[in-house]
Amino acid sequence: MANVETNEIEFKDHVVAINRVTKVVKGGKNLSFSALVVVGDQKGRVGYGLGKAKEVPQAIRKGIEKAKKSMIEIPLSGSTIPHNVLGRFGSGMVVLKPAKEGTGIIAGGPVRAVMESAGIKDVVTKSIGSANPHNVIKAAFSGLSKLRSRQQVARVRGISIEELS
């Protein structure tokens, strides 16, 4: 995962999940919140973060800050992804397939947030296995980090883009 500079860029954030967490202590229960947030510039950069705090707005703010630090760059092919890919994390799997222009984002909640934040407009996805938003997002990021553009593949193989078929 290549880290990306995040200086003064306009980001779109999606709060994927907010979870109320309690810790039982000697004097009773300590209540806090965790927020899973996805952030992207809609031009191929996207990141996710988990923020924890005593109040929801603080947890979301912390999640956004962590997401900006964990951003990756995704090669786009027009408004879609360059090729099919399978991302895995834990028992969660996400299949990502490129789609024709005008198809839209066919994805469930957590994966849809990632695709919208990344700026991918036409894609077909399928989430298999775990429905836990944390695992699904990490599986989606695993798949997105495996994407390679035609230029990258041609450079690695040592041939021109025209020879690549």
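These are my notebook entries on strands, salt bridges and one loop residue in a predicted model.

**Entry 1: the hairpin**

I began with strand 1 (residues 12-25) and its partner, strand 2. The two run antiparallel and are joined by 13 bridges. They form a hairpin, with 2 residues between them. For the register I looked up His14. It stands opposite Val38 in strand 2.

**Entry 2: the loop after strand 2**

Next I followed the chain past strand 2 (28-40). A loop leads from there to strand 3 (45-53), and Gln42 lies in it. I checked the backbone of Gln42. Its phi is positive, about 60 degrees, although the residue is not a glycine. Is Gln42 buried or exposed? Neither: Gln42 is partly exposed, at 38% relative accessible area.

**Entry 3: the open sheet**

I then traced an open sheet of 4 strands. Its order is 5-6-8-7, and the pairing is mixed. The edges are strand 5 (85-89) and strand 7 (105-106), each of which pairs on one side only. Strand 5 pairs with strand 6 (residues 92-98) in the antiparallel sense, over 5 bridges. Within that pair, Phe89 stands opposite Gly92 of strand 6. I also asked what helix 3 (residues 133-146) touches. Helix 3 packs on the sheet and touches strand 5, strand 6 and strand 8 (123-129). Its direction makes about 140 degrees with that of strand 5.

**Entry 4: salt bridges**

How many salt bridges does a search of the whole structure find? It finds 4. I went through several of them.

- Glu73 and Arg45 form a salt bridge, with their closest N and O atoms 3.7 Å apart. Glu73 is in strand 4 (residues 72-73) and Arg45 in strand 3, so this pair ties together parts 28 residues apart in sequence. Glu73 is partly exposed at 45% relative accessibility. Arg45 also counts as partly exposed, at 21%; the cut-off for buried is under 20%.
- Arg61 meets Glu65 at 3.1 Å, N to O. Both lie in helix 1 (residues 56-69), 4 residues apart, which is about one turn of the helix. Arg61 is partly exposed at 42%, and Glu65 is partly exposed at 39%.
- Glu116 bridges to Arg112, with the closest N and O atoms 3.8 Å apart. Both sit in helix 2 (residues 109-118), 4 residues apart, again about one turn. Glu116 is partly exposed at 24%, and Arg112 is partly exposed at 32%.

Last, I looked for shared partners. Asp41, Arg45 and Glu73 are joined into one network by salt bridges that share partners.

Conventions:
Residues are numbered from 1 along each chain as its sequence is written. This is a predicted model: local features need pLDDT of at least 70, side-chain atom pairs count only at pLDDT 80 or more; totals for chains, interfaces and linings use all residues. Side-chain values use heavy atoms; hydrogens and water are left out. Buried means under 20% relative accessible area, exposed over 50%, partly exposed in between (1.4 Å probe, protein chains only). Two strands pair if DSSP finds at least two bridges between them. Contact means heavy atoms within 4.5 Å. Axes are lines fitted to C-alpha atoms, for helices over the stretch in contact, and angles run from 0 to 180 degrees between N-to-C directions. A salt bridge is a side-chain nitrogen of Lys or Arg within 4 Å of a carboxyl oxygen of Asp or Glu.
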